Amino acid sequence: MSFIIEKDKSSKVYNLENAEILPNQISSTFHGRDILSYYTAHISTSTPLEKLGKQINQNEIRRIELIPKFADNCIYGEVIHIDNFGNIITNVDIYSISKLGDYNKLTIEIKNKRINGLKRTFSDVSEDELLAYIGSLNYLEIAKNMGNASKSWKIKCGDSLRISLQITNLFL
């Protein structure tokens, strides 16, 4: 909703919650068919939105910071989603990361914990090891091989992270 609300302050947001218009049997996997299609059908026939649910005050909607910030040769981002497997999806995209340089020399810090470098696949790390990688939508993700990264590190949506280049001592 952050995209819409930021572009159109006059937009209205509704929580579609009128169960009376839904079928008696709702599948746990086909919400597009069993829930969304019913609401869409009513909206397309000009059913007033007030009959489908209640309006939500825009000020009550948590806004997600969509664009990471750059400062002091670091990227500052945040967790925007946690999927069903506990993988942590951030708002930091591959294009922002490429501005820092070598992917292998990156340090990702979140909740006083660190991950060094980006991996290509889960098999690049041992079982139960955390890794950072670029997900299918080109955003930085943090996961635990064969585990739940969000539970392991107690990460939730809105938590902040910092990405920087590892500094090596050239005088050793």
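A residue is called buried here when its relative accessible area is under 20%, and by that cut-off 36% of the 172 residues in the chain are buried. Worth saying up front: this is a predicted model.

Start with the overall layout. The chain carries 4 helices and 10 strands. Read from the N terminus, the elements go α-β-α-β-β-β-β-α-β-β-β-β-α-β. As for overall dimensions, the radius of gyration of the chain comes out at 21 Å, against the value near 16 Å that would go with a compact globule of 172 residues. The C-alpha trace spans about 70 × 35 × 25 Å along its principal axes. Take the contacts in the chain between residues at least 6 apart in sequence, and 55% of them turn out to join residues at least 24 apart.

Next, the surface and the charges. About 11600 Å² of the chain is exposed, and 53% of that comes from carbon and sulfur atoms. Charged side chains number 21 positive and 20 negative, with the centres of the two sets 3 Å apart.

On to the cysteines. The disulfide count is 0. Cys74 has a relative accessible area of 5%, so it goes down as buried. Cys157 sits at 39% relative accessibility and therefore counts as partly exposed.

Thr90 makes a handy landmark among the strands. Its place is in strand β5, which covers residues 88-93. With 0% relative accessibility, Thr90 is buried. Leaving aside residues up to four places away in sequence, Thr90 touches Glu78, Val79, Ile80, Tyr139, Leu140 and Leu161. Of these, Tyr139 and Leu140 fall in β9, the strand of residues 139-144. Glu6 is another matter: 84 residues separate it from Thr90 along the chain, and the two C-alpha atoms are 19 Å apart.

The loop between β1 (13-16) and α2 (31-44) holds a pair of neighbours worth a look, Ser27 and Ile26. Ser27 has 19% relative accessibility, and because the buried class takes in values under 20%, Ser27 counts as buried. Ile26, at 38% relative accessibility, is partly exposed. Not counting residues up to four places away in sequence, Ser27 touches Arg33 and Asp34. On the same basis, Ile26 touches His31, Asp34 and Ile35. Asp34 thus appears in the contacts of Ser27 and of Ile26, and helix α2 is where Asp34 sits, given its range of 31-44.

Finally, the backbone has a couple of oddities. Most residues other than glycine have a negative phi. Lys111 is not a glycine, yet its phi is positive, at about 50°. The loop that holds Lys111 runs between β6 (106-110) and β7 (113-116). A relative accessible area of 37% makes Lys111 partly exposed. Met146 is not a glycine either, and its phi is also positive, at about 65°. This residue is found in the loop between β9 (139-144) and α4 (149-153). Met146 is exposed, its relative accessible area being 64%.

Methods. Residues numbered from 1 in each chain as written. Predicted model: local features only at pLDDT ≥ 70, side-chain atom pairs only at ≥ 80, totals over all residues. Heavy atoms only, no water. Helix = DSSP H or I, 4+ residues; strand = E, 2+ residues; numbered from the N terminus. Rg over C-alpha atoms; globule rule 2.2 N^0.38 Å. Buried < 20%, exposed > 50% of the residue type's maximum accessible area, 1.4 Å probe, protein only. Contact = heavy atoms within 4.5 Å. Areas by Shrake-Rupley, 256 points an atom, 1.4 Å probe, with all protein chains shown as cover. Lys, Arg positive; Asp, Glu negative; His and termini not counted. Charge placed at Lys NZ, Arg CZ, Asp CG, Glu CD. Disulfide = S-S within 2.5 Å.
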